[in-house]
Every structure is written in structure tokens, then in C-alpha cells.
Amino acid sequence: MTEAAPTLVVGLGNPLMADDGIGIAALERLRERWAAPAGVELVDGGTWGLFLLPRIEDASRVILIDAIDAGEEPGTVVVLEGDEIHPALRGGALSPHQIGVRDLVGLATFRGTLPEETVAIGIQPNDVGLSTGLSPAAEAALDTLLERVLDRLEAWGFPREIPAETTPCTR
């Protein structure tokens, strides 16, 4: 019997570029507050770009967590699904890694290997300049972003609550 393909939750971004680090900050907070059950992998995708392609292709479902420039007010949580994802990444590069993410999604789509259930959940950034730490607007929206991630995972059949005997995942 073969093992089921994992569901990936991938945090993306560069924490040295202020709000571009949203995906990494959100993934760390998720690890602190939620014990990933069997079948879910929390992946620090950082600025990996196309190096993530084999992981994405081997997954059953994918959640990409990132700064998403959707032209909204800074701190707005943005959810993109299916065909909405690639076009949203076509605009001007938000950061050096975004070209890789756009290419990653485009190539997986072209190859027919992007999991059908792929969603991008992110926050409209305020500042993507060279700086560590998130802007106050992005920081204030992190918990709402995590709620959207956990909502999606729950809809896919993964428990939302951390069992009392379980220690949350940490690095």
C-alpha cells in the first residue's frame, strides 16, 4: 500500500525585506500554535522558488502563505484559489523570490502537476523594503491569516485543535 501524498503548507518570503517575510512569520506562528497531524507538512519555502517544484508536484493539496499584492489596504488578508493564483503573481515583482513563485506555479500548471486544490493565503504588504520585522499592519493581520489557513485545513479534514498531550511543532 502506498502512502498518501502530503498536504503542504508552504511559508514563502524573505524576512530581510519587511512584509515580504509574512509567509515565514506566519509559518513560525502556526508551528507554535498547532501540531501538524500526519499528512500535513509545514515547509519553510523561504526564497526557494523552482526548488520547491518537486515538493509541490508530490503533494495532494497545497497552501502557499505569502505577501500578496492585491491592491488592497495594507494588512488585508487575501485568499486566492485555482486560476486566480497565477495571474495574481504576474504583476511587477514584489520581491526577488516572487519571480520564483510565479514561475513555480506557472511551470506546475503547464506540466499539469499543480495540485487541483491549491490556495494562496496572504496579507497585503505595507512595506517590502530592506528591513527586518513586519509592519504593524501585517503583524496585526497574522492571526486572521492563520485562521484562514486553519479553516482550509479543517475543510480538508485535518483537526484544528491541538490535542492536550501534543507539543506544538517547533524548529
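Trainee: Which backbone nitrogen does the side chain of Asn14 reach?

Mentor: This is a predicted model, where local features need pLDDT of at least 70, side-chain atom pairs count only at pLDDT 80 or more, and totals for chains, interfaces and linings use all residues. Residues are numbered from 1 along each chain as its sequence is written, and side-chain values use heavy atoms, leaving out hydrogens and water. Asn14 lies in the loop between β1 (7–12) and α1 (22–33). At 2.9 Å, its side chain reaches the backbone nitrogen of Leu16.

Trainee: Is Asn14 buried or exposed?

Mentor: Buried means under 20% relative accessible area, exposed over 50%, and partly exposed in between, using a 1.4 Å probe and protein chains only. Asn14 has 18% relative accessibility, so Asn14 counts as buried.

Trainee: Which element gives the most residues to the largest nonpolar core?

Mentor: A nonpolar core is a set of buried Ala, Val, Leu, Ile, Met, Phe, Trp, Tyr and Cys residues joined through side-chain atoms within 4.5 Å. The largest has 24 residues. Elements giving two or more residues include α1, β2 (40–46) and α5 (136–155). With 8 residues, the top giver is α5.

Trainee: Which residues does Leu30 touch, not counting those up to four places away in sequence?

Mentor: Leu30 is among the residues with the most contacts inside the largest core. Contact means heavy atoms within 4.5 Å. Beyond four places in sequence, Leu30 touches Val9, Leu42, Leu146, Val149 and Leu150.

Trainee: What percentage of the protein's residues count as buried?

Mentor: The protein has 171 residues. The buried share is 47%.

Terms used:
Helices (H or I, at least four residues) and strands (E, at least two) are DSSP runs, numbered from the N terminus. A polar contact is a pair of N or O atoms within 3.5 Å; within protein, one must be able to donate a hydrogen and the other to accept it, and residues adjacent in sequence count only if both atoms are side-chain atoms.
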